[in-house]
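Colleague: I have just opened this entry and would like some help finding my way around. Could we go through it one feature at a time?

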Amino acid sequence: MAKIIDTASAFYLRIKTLYDIEKQLEMALPKMAEAATNPELEAGLLAHLEETKEQSQRLEQIFGMLEMPPELQATETIRALIADGDTVASHSAPDELRDVLIAGAGREVEHYEMAVYMNAIEEAKGLGLDDAVALLELSLAEETEAEETLEKAFKDNLEIAAETESELSDEIDLESEIDPASDMSVEEEDK
Ligand SMILES: [Fe+2]
């Protein structure tokens with residue numbers, strides 16, 4: 001385990017952590033997009049995959065500025081968030097509800113990433129690394145925008161799921177009104 005002796009080494013650790021996060025997401029985002037049904041959600045996830053690749057390149061530029069090798073600091077958190085997202089996406093559910101689950105898992109990832117970028121920005125500011133701050137702020141803006149896209153997908157699909165549910169229950173009510181025998185048979189079964 002590397003020693004953190006000063007704010008510069010703390011920042012280096014942060015960049016290595018971010019690099020690991022982005023590399024993990026480069027592998028996870030295509031799977032999430034594939035699991036999504038809603039075309040807007042799928043397109044949003046694929047667009048963020050392209051941004052994620054650029055974010056990795058920005059981190060490589062920062063490693064260059066620090067004159068340090070681009071290493072990965074394996075982080076449990078991103079692996080756990082991705083694993084939870086996989087579990088959620090593997091549930092059998094109506095399409096729009098699974099999209100709600102996928103968009104929700106994506107939002108949780110984006111919030112985590114935003115927090116790590118915010119920490120990195122403060123550390124870079126403290127070190128007077130203005131060029132690194134500018135690069136990190138670009139990535140933070142993309143994470144924020146990705147979160148907003150996922151928030152919209154989450155809310156839209158949640159609304160569709162709720163509407164479908166109420167339409168279904170209306171249909172069931174209507175059927176039992178038309179065919180009172182169906183009510184009776186339920187009562188009889190209860191006995
Ligand atoms: Fe990212």
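**Reading the model, feature by feature**

Modeller: Gladly! Let's begin with one residue, Ser56, which is located in helix α2. Do keep in mind that this is a predicted model.

Colleague: Is Ser56 buried or exposed?

Modeller: The cut-off to remember is that buried means under 20% relative accessible area. Ser56 has a relative accessible area of 1%, so it is buried.

Colleague: And which residues does Ser56 touch?

Modeller: Setting aside residues up to four places away in sequence, Ser56 touches Tyr19, Glu22, Lys23 and Glu26. With Glu26 there is also a side-chain to side-chain polar contact, at 2.7 Å.

Colleague: Now the metal. Which residues coordinate the iron ion?

Modeller: For a metal, look for the atoms that act as donors. Here the iron ion is coordinated by Glu22 (OE), Glu22 (OE), Gln55 (OE1), Glu113 (OE) and Glu143 (OE), at 2.0 to 2.5 Å. Glu22 is listed twice among these donors, and you have already met Glu22 as a residue that Ser56 touches.

Colleague: What spacing do the donors follow along the chain?

Modeller: The pattern for the iron ion is E-x32-Q-x57-E-x29-E. Take Gln55 and Glu113 as a pair: Gln55 belongs to helix α2 (residues 39–66) and Glu113 to helix α4 (residues 95–126), so the pair links distant parts of the chain, 58 residues apart. Gln55 and Glu113 are both buried.

Colleague: How many aromatic pairs does the structure hold?

Modeller: It holds two. To read such a pair, check how far apart the ring centres are and how the planes are turned. For Tyr12 and Phe63 the centres are 6.0 Å apart and the planes stand at 90°, so this pair is edge-to-face. Tyr12 is in helix α1 (residues 7–35) and Phe63 in helix α2, 51 residues apart, and the pair links distant parts of the chain.

Colleague: Are Tyr12 and Phe63 buried or exposed?

Modeller: Tyr12 counts as buried at 10% relative accessibility, and Phe63 counts as buried at 1%. Phe63 also forms an edge-to-face pair with Tyr19, with 5.3 Å centre to centre and 70° between the planes. Tyr19 lies in helix α1, 44 residues from Phe63 in helix α2. Through these ring pairs, Tyr12, Tyr19 and Phe63 are linked into a cluster.

Colleague: Where is Glu147, and which side chain does it make a polar contact with?

Modeller: Glu147 is in helix α5 (residues 130–178). Its side chain makes a polar contact with that of Arg107, at 2.7 Å. Beyond neighbours within four places in sequence, Glu147 is in contact with Arg107, Glu110, His111 and Met114. With a relative accessible area of 7%, Glu147 is buried. As for Arg107, its charged end sits over the ring of Phe154, 5.6 Å from the ring centre.

Colleague: What about a residue that is not buried?

Modeller: Try Thr77, in helix α3 (residues 76–90). Its relative accessible area is 36%, so Thr77 is partly exposed.

Colleague: Finally, what is the mean pLDDT of the protein chain?

Modeller: The mean is 91, and 92% of the residues reach 70 or more. Over residues 185–191, however, the pLDDT is below 50, and this stretch has zero contacts in the model beyond near neighbours in sequence. Where pLDDT is low, predicted coordinates should not be read in detail.

Terms used
Residues are numbered from 1 along each chain as its sequence is written. This is a predicted model: local features need pLDDT of at least 70, side-chain atom pairs count only at pLDDT 80 or more; totals for chains, interfaces and linings use all residues. Side-chain values use heavy atoms; hydrogens and water are left out. Helices (H or I, at least four residues) and strands (E, at least two) are DSSP runs, numbered from the N terminus. Buried means under 20% relative accessible area, exposed over 50%, partly exposed in between (1.4 Å probe, protein chains only). pLDDT is the predictor's confidence in each residue, from 0 to 100. Contact means heavy atoms within 4.5 Å. Donors are N, O and S atoms within 2.8 Å of the metal (3.2 Å for Na, K and Ca); water is not among the atoms, so sites may look incomplete. A polar contact is a pair of N or O atoms within 3.5 Å; within protein, one must be able to donate a hydrogen and the other to accept it, and residues adjacent in sequence count only if both atoms are side-chain atoms. Rings of Phe, Tyr and Trp (its six-membered ring) pair if their centres lie within 6.5 Å; planes under 30 degrees apart count as stacked, over 60 as edge-to-face and the rest as tilted. A charge sits over a ring if NZ of Lys or CZ of Arg is within 6 Å of the ring centre and within 35 degrees of the ring normal.
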